[in-house]
Amino acid sequence: MNKEKINYKKTLTPEEFRVTQEGGTEAPNTGKYCGLFEGGTYLCICCGTPLFSSEEKYDSGSGWPDFTCAITENIIKYEDDLSSGNKQVEVKCNHCNAHLGHVFDDGPPPNFKRYWINSASLKFQAEW
């Protein structure tokens, strides 16, 4: 295990580590941010990079926090994910490579994107 993962193992909960470092997925409707709709910014739990704005969050009924877009396009990186047997697009933090979730083309207009993100990969910073 590399030094960075060892440090994450010390600072993250076991669930946060499983999701962000091992590409896991939390169970639906269990994440702490599923029902949170107050103003603020969602940061990467690993490196603190701002990823998503509450202004882009919506309830798709998926059981996970959903966003229409990232704060900036280059803050997220995209990788093909075939682990489920179907081709999906995995999203990761472009700064630290933490697994965040997946993006789908079934979101609301105008871009029809649905960023399906694990609460365990996020830290919420409320607006002041």
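Modeller: Two strands are said to pair if DSSP finds at least two bridges between them. Strands (E, at least two residues) and helices (H or I, at least four) are DSSP runs numbered from the N terminus. The model is predicted: local features need pLDDT of at least 70, side-chain atom pairs count only at pLDDT 80 or more, and totals for chains, interfaces and linings use all residues. Residues are numbered from 1 along each chain as its sequence is written, and side-chain values use heavy atoms, with hydrogens and water left out.

Colleague: What makes β6 and β7 a pair?

Modeller: The two strands are joined by 4 bridges, and the rule asks for at least two, so they pair. Their sense is antiparallel. One of the bridges links V91 to its partner G101 in β7.

Colleague: In which sheet does β7 lie, and what makes β3 and β5 edge strands?

Modeller: The strand belongs to an open sheet of 6 strands with antiparallel pairing, in the order β3-β4-β8-β7-β6-β5. At its edges, β3 and β5 (76-81) each pair on one side only.

Colleague: How do you know that β1 pairs with β9 and with β2?

Modeller: By the bridges again: 5 join β1 to β9, and 3 join β1 to β2. Both counts satisfy the rule, and both pairings are antiparallel. T41 has Q125 of β9 as its bridge partner, while L43 has P50 of β2. β1 and β2 also form a hairpin with 5 residues between them, and G48 in the turn has a positive phi of about 80°.

Colleague: Why is β1 described as largely enclosed?

Modeller: Buried means under 20% relative accessible area, exposed means over 50%, and partly exposed lies in between (1.4 Å probe, protein chains only). In β1, 4 of the 5 residues are buried, so the strand is largely enclosed by the rest of the structure.

Colleague: Why is N29 called exposed, and how is F112 classed?

Modeller: N29 has a relative accessible area of 62%, which is over the 50% limit, so the residue is exposed. F112 has 42%, which falls between the two limits, and therefore counts as partly exposed. N29 lies in the loop between α2 and β1, and F112 in the loop between β7 and β8. Neither is a glycine, yet phi is positive in both, near 60° for N29 and about 60° for F112. The loop between β7 and β8 also holds P110, and the peptide bond from P109 to P110 is cis, with omega near 10°.

Colleague: What makes a set of residues a nonpolar core, and which residues have the most contacts inside the largest one?

Modeller: A nonpolar core consists of buried Ala, Val, Leu, Ile, Met, Phe, Trp, Tyr and Cys residues joined through side-chain atoms within 4.5 Å. The largest has 25 residues, and those with the most contacts inside it are Y42, C46, L51, F52, I76, I117 and L122. β1 (40-44), β2 (50-53), β6 (88-93), β7 (99-104), β8 (114-117) and β9 (122-126) each supply at least two of its residues.

Colleague: Why is the pair of F52 and F67 called stacked?

Modeller: Rings of Phe, Tyr and Trp (its six-membered ring) pair if their centres lie within 6.5 Å; planes under 30 degrees apart count as stacked, over 60 as edge-to-face and the rest as tilted. For F52 and F67 the centres are 4.4 Å apart and the planes differ by 20°, so the pair is stacked. F52 lies in strand β2 and F67 in strand β4 (residues 66-67), so the pair ties together parts that are 15 residues apart in sequence. Both F52 and F67 are buried.

Colleague: What makes the pair of Y33 and Y42 edge-to-face?

Modeller: Its angle of 80° is over 60, and its centre distance of 5.6 Å is within 6.5 Å, so the pair is edge-to-face. Y33 and Y42 are both buried. With F52, F67, Y78, Y115 and F124, they form one aromatic cluster.

Colleague: How do you know that the charged end of K57 sits over the ring of F37?

Modeller: A charge sits over a ring if NZ of Lys or CZ of Arg is within 6 Å of the ring centre and within 35 degrees of the ring normal. The charged end of K57 is 3.9 Å from the ring centre of F37. K9 likewise lies over the face of F17, at 4.5 Å from the ring centre.
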